[in-house]
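Visitor: Hi, I'm new to this one. Could you put it up and walk me through it?

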Amino acid sequence: LTPPSAAGLDGMAARILHRLRHALAGEGGREERVHGGSEAEDFPESSELEDDTEGLSTRLSGTLSFTSHEEEEEEEEEEEEDGAGVELGEPPQPTGAAAGAEDGGRCWGWCAGGAGAAPLPGAAAPWGGPSLLTRQLQELWRKSRGSLAPQRLLFEVTSASVVSERSSKYVLYTIYLIRSGRFDKAPAAIARRYSDFEQLNRRLRCRFGCDMAGIAFPRKRLRRNFTAETIAKRSRAFEQFLSHLHSIAEIRRSPEFLEFFFLQDLRAAQRLTCTGMYREALATWANAYRLQDRLGVCGSGRFLLTLAGLAVCHQELDELGEAHSCCEQALQLLEAQGSHPLLGPFLQAHVHLAWKVGKDKRRSEARLQDLREAGPPLQQQPTLKECLIKEPLE
């Protein structure tokens, strides 16, 4: 037998490789080009799709979309209008231009708006099984979920209503504070009018002139202030205004910015508590609590006063377990402080509530004893309720 020539071996190897690719692609798979003798290939070589999740988001410039087939048309319209970029703050959802594999009955894939990016067709991928690209995206999401997606605070105008009073008429905007990547069972909300935003803008420009130079604010109008178009434009402008302010650390931590959100609630809650309307006051204290939590100021004097208001209202409504929990949270915040005007009142309330609900009160009793030895008699200290009434909220 004559041994095969080198050219024959090359041809045999090419045919074997061709058949292997056919087997991987399955029936109906697309033909690949082998030595220029077959149709043009529609997919890149598998070696070009290495498992490189770190560089994947860089290569796929554009918008990553993960939605179901039923949501495909609606999502594509929203992306065209919003021009959204890659967002890792929410879990990926399936989308229309899907890669081949199905996951739990939902088709996963991507659509990219960048140059050179093309959506994968719905047919099975030629390398068989779930799409390698899909697995890369899923792995990228798992890896980036905890490290590459810092939570952001979003401001969303959810409604606007025209309010008519005796001698004035204005639009009241309801704004939700939403943390991206988390579900808030009880959202934090505020209701503000144009003059409130204008006052905030004026105060911040007086103090942070350089930082505020590049921040736009919707101008006043002499007419057509109550048309749907004007209200819609101002709603979007207020969302962008607050988001821009929150992105600047010095402004985000300033009293002017913070008190714009929760000072009105604190005043209203204090007024309701003083008049004995504890159920209404409790809801207002609770919203002020959520606002301060979203804004990251759970340690300030205002927050301690909020906990005092919650504890008093819960106690007056005979919700002793909740009142005890508020006192415990306040005492944890006061742990590192040697003295504070609210420390004695919180300790006394905690001891009383712990005895009522059957909790351990020995630590609070020991701290009370230390206060007794170091300062004036505890009988002269006000209760939490008295502190709420006497505390001026300027």
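Guide: Let's go from the overall make-up to the sheet, then on to a few side chains. Keep in mind that this is a predicted model.

Visitor: Okay, how many helices and strands are there in the protein?

Guide: The protein has 15 helices and 5 strands.

Visitor: And how much of it is buried?

Guide: Of the 394 residues, 38% are buried. The accessible surface comes to about 23,200 Å², and carbon and sulfur atoms account for 50% of that.

Visitor: What about contacts between residues far apart in the sequence?

Guide: Take the contacts with a separation of 6 or more: 59% of them are between residues 24 or more positions apart.

Visitor: Let's do the sheet. What's the strand order?

Guide: The order is S3-S4-S5, in an open sheet of 3 strands with antiparallel pairing. Strand S3 (153-164) and strand S5 (188-193) are the edge strands, each pairing on one side only. From one strand to the next, the twist averages 25 degrees.

Visitor: What holds strands together in a sheet anyway?

Guide: Strands of a sheet pair through backbone hydrogen bonds, and the pairing can be parallel or antiparallel.

Visitor: How many bridges are there between S4 and S5?

Guide: Strand S4 (residues 169-179) pairs with S5 over 6 bridges, in the antiparallel sense. To pick out one spot, Tyr-176 has Ala-189 in S5 as its bridge partner.

Visitor: Which helices pack on the sheet?

Guide: Helix H7 (residues 228-246) does, touching S3 and S4, and its direction makes about 140 degrees with that of S3. Helix H10 (residues 278-295) also packs there, touching S3, S4 and S5. The direction of H10 makes about 95 degrees with that of S5.

Visitor: Can we zoom in on H7? I clicked on Thr-230. Is that residue buried or exposed?

Guide: Thr-230, which lies in helix H7, has a relative accessible area of 6%. The cut-off for buried is under 20%, so Thr-230 counts as buried.

Visitor: What does Thr-230 touch?

Guide: Leaving out residues up to four places away in sequence, Thr-230 touches Arg-221, Arg-224 and Asn-225. There's also a polar contact of 2.9 Å between the side chains of Thr-230 and Thr-227.

Visitor: New topic: aromatic rings. How many aromatic pairs are there?

Guide: The count comes to 11 aromatic pairs. One of them is Phe-217 with Phe-238: the ring centres are 6.2 Å apart and the planes sit at 45 degrees, so the pair is tilted.

Visitor: Where do Phe-217 and Phe-238 lie?

Guide: Phe-217 is in the loop between helix H6 (209-212) and H7, while Phe-238 is in helix H7, so the pair ties together parts 21 residues apart in sequence. Both Phe-217 and Phe-238 are buried.

Visitor: Got another pair, maybe one with Tyr-289?

Guide: Sure, Tyr-289 and Phe-303 form a tilted aromatic pair, 5.1 Å centre to centre with 40 degrees between the planes. Tyr-289 lies in helix H10 and Phe-303 in helix H11 (residues 301-316), so this pair ties together parts that are 14 residues apart in sequence.

Visitor: Are those two buried or exposed?

Guide: Phe-303 is buried, with a relative accessible area of 0%. Tyr-289 is partly exposed, at 24%.

Visitor: Last one: which residues form the aromatic cluster?

Guide: Phe-155, Tyr-173, Tyr-194, Phe-197, Phe-217, Phe-238, Phe-241, Phe-257, Phe-260 and Phe-261 form one aromatic cluster.

Terms used:
Residues are numbered from 1 along each chain as its sequence is written. This is a predicted model: local features need pLDDT of at least 70, side-chain atom pairs count only at pLDDT 80 or more; totals for chains, interfaces and linings use all residues. Side-chain values use heavy atoms; hydrogens and water are left out. Two strands pair if DSSP finds at least two bridges between them. Helices (H or I, at least four residues) and strands (E, at least two) are DSSP runs, numbered from the N terminus. Axes are lines fitted to C-alpha atoms, for helices over the stretch in contact, and angles run from 0 to 180 degrees between N-to-C directions. Contact means heavy atoms within 4.5 Å. Buried means under 20% relative accessible area, exposed over 50%, partly exposed in between (1.4 Å probe, protein chains only). A polar contact is a pair of N or O atoms within 3.5 Å; within protein, one must be able to donate a hydrogen and the other to accept it, and residues adjacent in sequence count only if both atoms are side-chain atoms. Accessible areas come from the Shrake-Rupley method with a 1.4 Å probe; for residues, only the protein chains shown count as cover. Rings of Phe, Tyr and Trp (its six-membered ring) pair if their centres lie within 6.5 Å; planes under 30 degrees apart count as stacked, over 60 as edge-to-face and the rest as tilted.
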